[in-house]
Structure formats: structure tokens, C-alpha cells
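Please open the structure in your viewer and keep the sequence panel beside it. This tour suggests what to select at each stop and says what is to be found there.

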Amino acid sequence: MVPDLDKEAYYRRIKRLYGNWKKVEDFARVGAIAVSVGAADDAIVYAKSTALQTWLFGFELTDTVMVFCRAKIIFLASKKKVEFLKQVAAAAEDNENASGVPAVTLLTREKNGSNEANFDQMIEAIRDSAEGRPVGVFSKDKSPGEFIRSWNDTIAAEGLQTVDVSAVVAYTMAVKEDGELALMRKAAAITSEVYSKFFKERAMEIVDKDEEVCHSKLAEYVEKAIEESKYLGGAEPSLVKMCYAPIIQSGGNYSLKFNIVSDENHMHYFGAITCAMGVRYRSYCSNLVRTLMVDPTQGMQNNYNFLLQVEEKLLVELKHGVKFCDAYNAVLEYVKKERLDLVPKLTKKLGFSTGIEFRESSLILNGKNQYRLKTGMVLSVCLGFEDLRDKEGNKYALFIGDTVKINREETATVLTQAKKKIKNVAIFHKDDDEENESEDDVDADAEAPPPRSRTRRRATLLNDDGSAASEMMSNDQKRRAHQKELATRVNEEAKRRLTEQKGGELLPPAQKARKSDVSYGSVSEVPRGERDIRDMKIFVDKKSETVIVPIFGAATPFHIATVKSISASVEGDFTYLRVNFYVPGTGPGRREGGGVFPDPDATFVKQLTYRASNLKKTDSSVPSANLQNACRLINEVQKRYKAREAEEEEKEGVVTQDSLVVSLNRSNPKLKDLYIRPNIAPKRMQGSLEAHANGFRFTSVRGDKVDILYANVKHAVFQPCDGEMIIILHFHLRDGIMFGKKRHTDVQFYTEVGEITTDLGKHQHTQDRGGDDRDALYAEQMERDMKHKVKSVFGNFIEKVQALTKDELEFEVPFRDLGFQGATFKSTTLLQPTSSTLVNVTEWPPFVVALDELELVHFERVSFNLKTFDVVLVYKDYNRKVTMINAVPVNSLDPIKEWLNSCDIKYTEGIQSLNWTKIMKTIVDDPEGFFELGGWSFLDLENEESGAEESEEDDTFDEDEESSSEEYESETTEDSAESDSRSSDEERGKDWDELEEEAREADRENPYEEHEESSRKRKRQGLSQPPSSTKKLRQ
């Protein structure tokens, strides 16, 4: 299968290349350009020739020669690569974007034979285009292989003059398109994540525990970290690579360059620790440099703060139209003015252009480069001070760097968001001995430990106010501290969100306007000419959906919408027909509620009963036949009416979508043999999913079509077949779409990759043959191969769609390792988080919850004696019903807390189930009062635990004391008992009745605060019950 080539990108970029060829003076004197790429060589990571191929085609083409002439382009490659390149050669005539692009000529390379004929044709084209001018080549590229060697020998034998055009081609590719910038932002985000959540934490741990870890080993750990999906932000691991081996330095040996490797020395626990790392995502690079400082002196901190100011100055200078050298000189003058002593310490280069190649040697920020910056360029700025010394004479260096994007007028945008302020990188040791000295007096003659002895210490970072704060707290302590911050933030954001609405109040959902239940506009419209009406029988008017019944000799119409139910029964010689109607106050029903009955105080008919004889009279018909026929017709009309009402109700929330722009290109991304859920027909059927210009189209084998626009996709989830028997593409939509007479906000496409059911008879037959399981092993191997193949096909489809949409539509992959069991509907399923959702798409109906819609998460029934607990998801939209996840295993509690905490989602827990319908109604009715009384803090009992425990202990003591007192009183005399009783009455103070009355008053003042009671059960006025109560409010 030939991979797709982005023809639009190829045409745009080849036009830019030829445009610069004509405009740039050094480039214009070149008559032709010859680019050759040899055999694959792992030792060659970056080369201008492969970078040009990736830029034009999106792939590296080995053993390929490209010749760019003034009037045509020639590609010499193998047969398979020629098939790939035919996409731009054949489509040039039909594509309007190809106007002005030279024609493409494809030559097939002879694999084992001589290519002299092909070489002669290419040399002739070069001579015709050059007309005596030199040929542009990439002189620094060294391409291995016999094929490229013979091509180079041919050029040398022909005596063609060559000149290096690496710099001008690099300058052409330096300005990034939007799609390229999106890839570089992703790469920068992954780099920042690996540094912040892996390297920094690991370095803190090494410093705190005095571990002996060498620089090279720590660099290996960082390289392996990119294999873990939790650091990749949903990116496919196979597309993420390191730009270079991470460079970690400490202990006085520093070289602020990128062409070195981490040495074998152990990481030092004092001074400066520099770390440089870069991640490539889909061939596009990023770079990040940070310096951690352990017990820094004040001078070291001052130097570091000044280095941050120098970087800020550099970012201000990096703008469109500014020369590289001018930006460098401006920074140099700033250093001379502010800190003349640090001028010789400043690095000689302040950065370089980056992209497909990590470092572009011709676009360096130094004092000589005359190239100008352009909007869209991406630079790796890296600057530092080396060969510095502290008061004790110890050598250290400071080094920082970021990936930045050049803007037209504004300061350059930093893409690597890892924090670098002094409070985020300064680590301080705090010895236990020092803590004891601050609390107790220490013998003056005691021998102080050496300043760098390995006593028990704690590594700490600086707070915002400059004080040291413990960083090596337990995970539980960190979570608690973070949750306290989130609690305040949740209440503040909710209050601000509510005040932005009208009058600061939550508005209840608007009542849906119902159609009038009027059967006829006037009396004249009643079909009085019907025979059944004249004969005072029941008549069903199908056209008006009305039942006309005789009441006191008058034909009375009732619209079918007023009929609740109807039944017919035979009792002896009579048939009874009972018709029940909707009336106010008859219990919950779909017609209950305000606005349904215009005049609720009117008199309503609740039930009508008609009786007719089953005995045949003089006429030919049986009297009861009318009742039986009416019952059948009423049921038919009622069924049709309900179906139409349900369909109209489904259509109420449907938003009219734009039309799908169908692309007639045969190379559109396409998946075949897929099933769709929900089904578009009673029986499931296969079809194909194809990506077009602005959306997907699913076409079934019988011709049914379902269109999903990219703009309507809120979340796209790719569920691989790892551990599953089906592979799924799931789309959670912003606005529902109609198909199958229903509105759907979740649509998925899947295919089976194995047997969902197991044939036990076949397994038994295998064992009866003596345990020969070779067939079973072969079947398992075939299933694994099939899974791998299908997963690869789906992966290629996703990559093409993301390239087609310029990464505006990004597929999320669930983190199976973070999944937990829970019952969302009728059965227990595996719920898995993604980067922005919590999903289960394997079972139907699916479960999809967007994390950005959550206000908080509450855990119910959390107790040591229970094996499961419930999870309640509360949304920011308080009119929305909360979501319950039941029967979650208790061993999943801590992992879920850790995950929620990492997502900045507030969580609370309690040992009882709450009446959430009542709670949310209370909030909606009085939001201001809710937040005045503390908001959601009534769910968080952590702050009250200590007080509750003390109260519990006091109550227990009083009960024991009272019990022992009663036993003592039973053994003493009556006089003694009366004396003791009078004494206790005088010392007791307030009695139980008075205490209970005070507690009731406190409950009335704050209905959201829970109080612990152990001595006796109190009547509650709040929203929840105390732990001692057995009553549950959950409905």
C-alpha cells in the first residue's frame, strides 16, 4: 500500500523553494540543484538532504537522487518510491495549486544493473539548466552506498562546478507553516513534561537520599521516560524520539555545548546541576535547558536572576526583520551595561534555528550572522555563564534555554513552558540537627557536623516568599495541600461564574413549549355525520387523532394526548372498556408539571368506563364489537402519536450542520469493513469510513450515509485492540446528529479483531486428541498478527486525518494503566482516562465525560469495612444531573485520587450516600446563600477530623464515667446516692436537653456542615446524615 503524500504542502513548499531561488542573490547564480540521499545509516541523524525530503514529501527516501532544474524536476528512485512520487507527478495537471511548479520526470533506478542511462539523462538536464553556472549541492552531507557513490563519481567526471547551497535552502525552510508549528508546540510540551515530572523529581530524590547516580545513567533514565505514555500528552510513542542524548553536568565540569555527552561522574549534591534535553515529534525538534542549584549562595542566586533578565532581553529583541547579529549585539551591550564582570563568562552563541534539523549551523545567534529573522521561525535560544566560582572557590556554571517562535511585532513566544524562576530550581538542604537546635538548647561544646556530611536531610524548594518548603512530603500530604488550593479555587470560580449570569442567579431550564391538545377548532369541524357518532358509539378520528365518546347523550371529543391508558376486559356477558386520562396530581408522568394544564383548578375526567353486551341482538352485529374495535384503534393512534412525539423531541436539540465537502481525490484516508454504533438499521451492516475536506462520511453496503463534520467533533477517541477484541474510533459530538430517527451525540466505528465468543466444543475436541494444541497456538499467533496489522492500519488512518486537518482534530488514546472498574449503566465496565476525558467506549451505550465540564468529584460510602465505593461526578452546570459510578473497588481509591489531583480536579469523600437531587435543587434555588455558607466545603471533612476525633473521645469518656457511676450508686445506700446525685447536679452545668437545643440551633444556622455524634442520634436539619445514622438519603 502506497502511503499518501500531502500534495498541497508539496506544491506550497516547492513554490517557496523556486521563489527564493529567483530572489536571493547567492541562490540565483546557481543553475541547478542536485540532492542525493544514500542508504539508511543510523549514525546519520541529521542531514540537509533528508531534511529537504521530509519537508517536501513528509518521508525520507533512501537511495534517491533529486535534480531541480529551472524548467523541470527529475527524481531517480526505486520502483516503490516512484509509485509514491507519482502522486505529485500525475496530479500536477489537475491541481490549480500546481500552477507555476515545474513538471516532474520520474526515472526508475536499476537495482542491480548500471544506471548510466539515467545518469546521462540527468546530467544533460543539469547542463541545459545551468548554462555554465555552478550546480548547487549540500557539500557537508555524506551519503553512504554504492549507488550514491557512482552518482557522485559521474558528476566529478563530467567536470561540473559545484557550490554549497545549504545555507539558502535552510533559510527557505526556516519559516514554519501552521501545521509545522503545531508539531513543534507538541514536541516542546513533551520536553517540558519530561523535565518537570521526571528529571526534576528524580534529581530531587537523588539529592535527598544521597544516591550515587552517574550523569550518563541519569541521562539513560530520561531517554527511557519518553517511552511512558503518561509523559507524552496523548502522543503516539513511536512518533516521539530524543533529538540528542540528554546532557547532564555537575561538580565543576561544565561545557555549555550540545556536541558532548554526559560523563560517568556521579551527580553532585551541591552547586549547579545543568540539564539539556530535546524531543522530536514527527521529525520536528524542540530543546530545553535548565539549571538546578543545590544550596546556592546569594551570589549564585543573583547571577542566576541576572541570567533570566538577559534571556528576557533576548526575547524582546527577537522580532521579524531583525538581523541575527543585531539581536546578539543588543544582548551583549545589555550585559556590559549591567554586569561588566560577566561579559567574558557569557556564551559566545545565544541560540540557533531549529526544525527538522536540530541545529542549523548557518542560522546561529552570534555577532556575525547577517540573515534576518522572519515571522514563523523557531529558534532554540540557549545562553549561560560558565567558569564562575562561589565564595569557597568551587567552580559552577549557569545554563538556560527554551524553544521560541518569532512574531512580527510582539516578543518571541516561548513554547517550552517548564518553570525556571529561582523558586522553582533552587534546592535547599535542611538537616534534622538544625531543626533540633532551633527547638532545644545544644551543648556549646558539642562537635558540629561537617557542612557536607551525609546526615539525614530533606531537599526543599523555595516558596514564593523565598522561604524553604519541604518537597519530599509524602504523596498523600502533597495531594492534601493541592486539594486545599483547589477547594478555594473551585468556590471562587463557581461564584464568579454564577455572578456573570443574570442577577447572579442560576436560571432553571426553560419549559419546552408543548403543542395544544385541541382536537377541533370549532364545533362545525366535528364529524357528526359519522354513523357511530349518530348511534352514540365510540368513534376514533384518525385524522384529528381524537377519540369521540358519548357522555350524557352528547358526543364529546378527547385528544389522544390526554389518554393515559386504555384497556378492554370481558366479564361474563359484558365487555368493559376503561379509558384513563392524564389529570393533575395523579402521580409522576410525562404530562405532569406546570404549564401542561392551562387551568389546573378546573374539573377533570379521570376515568371513563363503558359496558356493552356480548350477546347478539336482532341486528347483525354484537354490541361489544364497537368497544373492542375502539380499543384497537385507540392503541394504534396512541402508538403512532407517541412515536411522532418522540421523533420531534429528538429533533428539538439538533443543530443544522454545514454540508460535507466531498473530495473526489482517490487518496483520501479511508477505512473499510467497519461497523457503526448505534446501528443505522435493525441489523448491523458493514461499511467504509472516508475522510473528506471538512468531515467524515460513513457509507454502508446498502448505501446509507452518515456525515460527521470535523468542527462538530468535541472528543475523538481511538481505542486500540490491546486487551480488547474490537478496535474503535469513537466520536463524541458537540451537537447531536440525526440518523435512524434518533438524535445521537456519540457515534463510533469499529471492527472485530478476534473471536468475541469461545467455542468450548472445539477446545474439548483438542484435549480429546491428547493435548495437541498446535492448532490453538497457531490460531493465537494469527490473532496477534491480525491485531498488529489492524492497529497499524487504524494508526495510519489517524495520522493522515490529523495531517489533513492540520492537527485541529486530535485523537486521544485511553490510558489503560489508569483504568478502574465501575458500574455506569447496568453492568460493570473498565473506565479509562484520556488526556481530557473519562471514557468507556467498548460497551454500548458508551460513557464519555469531559474533564473540563466537572466541578468536583465526590466519593461516597468510603469505609474500611466496605469493598466498594461510589463516585459522583458534579458538573459546572448545576442544572445538569450528577453522574454516578457505582461499585468501584476500594483498592482503586488512591489511584483515582492521584489521577484527579494531577488533572487539577477537586475531590471529596464521605462514608454515606447523599441526596444529590435535593442538594443541587438547594444550590439552584439559592446560589448566593450556598456560597456564603462555605460552598462545597460542606463535603470536605478533613478539616473537621481532628475536632471530631476529640469530641468522640470526650463522649466515650463521659459514657464510661456515667456507666461506672451508675454501678457505684447501685451498691451504696440511698442517702449516699442522693448526696452524690446532688453533687453531680451542681457540677454538671447544662443538661442534655439544653445541649440538644443548642445543637439544633447550630444546625439551622449552617445546613451544610456535618457534625459527628456518638452519644445519641440527633434530628438533622442539613443536607446529609451523620455517620452514626443508618438512614440513607440517596434516591
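The stops below go from the whole chain to single residues, and then to charged groups and backbone features.

This is a predicted model, in which local features need pLDDT of at least 70 and side-chain atom pairs count only at pLDDT 80 or more, while totals for chains, interfaces and linings use all residues. Residues are numbered from 1 along each chain as its sequence is written, and side-chain values use heavy atoms, with hydrogens and water left out.

**The whole chain**

Begin with the protein chain displayed as a cartoon, which has 24 helices and 42 strands; these are DSSP runs (helices H or I of at least four residues, strands E of at least two), numbered from the N terminus. Of the 1035 residues in the protein chain, 46% are buried, where buried means under 20% relative accessible area, exposed means over 50%, and partly exposed lies in between (1.4 Å probe, protein chains only). If you switch to a surface view, the protein chain exposes about 54,900 Å², and carbon and sulfur atoms supply 47% of that area; accessible areas come from the Shrake-Rupley method with a 1.4 Å probe, and for residues only the protein chains shown count as cover. Among contacts between residues at least 6 apart in sequence, 65% join residues at least 24 apart, a contact being heavy atoms within 4.5 Å.

**A buried glutamate and a serine in a loop**

Select glutamate 311, which is placed in helix 10 (residues 298–317). Is glutamate 311 buried or exposed? With a relative accessible area of 1%, glutamate 311 is buried. Apart from its neighbours within four places in sequence, glutamate 311 is in contact with Val381, Leu383, Ile400, Gly401, Asp402 and Lys420.

Next, move to serine 827, in the loop between strand 35 (820–823) and strand 36 (828–833), where its relative accessible area of 38% makes it partly exposed. The C-alpha atom of serine 827 is separated by 9.7 Å from that of asparagine 886, although the two residues are 59 residues apart along the chain.

**Charged patches**

Select Lys140, Lys257, Lys349 and Arg359 together, since these residues form a positive surface patch. Patches of this kind are made of residues with over 30% relative accessible area and no salt bridge, like charges being joined within 9 Å. Lysine 257 lies in the loop between strand 8 (247–249) and strand 9 (271–277).

For the opposite charge, select Glu116, Asp120, Glu124, Asp128 and Glu131, which form a negative surface patch. Glutamate 116 lies in helix 5 (residues 116–130) and, at 54% relative accessibility, counts as exposed.

**Salt bridges**

Side chains of opposite charge can pair when their charged atoms come close. A salt bridge here is a side-chain nitrogen of Lys or Arg within 4 Å of a carboxyl oxygen of Asp or Glu, and by this rule the count comes to 42 salt bridges.

Select arginine 149 and glutamate 146, which form a salt bridge whose closest N and O atoms are 2.6 Å apart. The two are three residues apart in helix 6 (residues 146–158), so about one helical turn separates arginine 149 from glutamate 146. Arginine 149 is partly exposed at 42% relative accessible area, whereas glutamate 146 is exposed at 57%.

Then go to lysine 217 and glutamate 220, a salt bridge with its closest N and O atoms 3.7 Å apart. Here too the partners are three residues apart, in helix 9 (residues 215–225), and are separated by about one helical turn.

A further pair is arginine 702 with aspartate 704, where the closest N and O atoms are 2.3 Å apart. Elsewhere, salt bridges that share partners join Arg12, Arg13, Arg16, Glu177 and Glu180 into one network.

**Backbone features**

Most residues other than glycine have a negative phi, and most peptide bonds are trans. With that in mind, select arginine 677 and proline 678, whose peptide bond is cis with omega near 0°; proline 678 is found in the loop between strand 27 (670–677) and strand 28 (686–691). Tryptophan 844 and proline 845 are also joined by a cis peptide bond, with omega about 5°.

Finally, select aspartate 210, where phi is near 55°, a positive value in a residue other than glycine. Aspartate 210 is found in the loop between helix 8 (178–209) and helix 9, and at 12% relative accessibility it counts as buried.

Technical notes. Patch = residues over 30% accessible without salt bridge, like charges linked within 9 Å, V, L, I, M, F, W, Y side chains within 5 Å. Lys, Arg positive; Asp, Glu negative; His and termini not counted. Charge placed at Lys NZ, Arg CZ, Asp CG, Glu CD.
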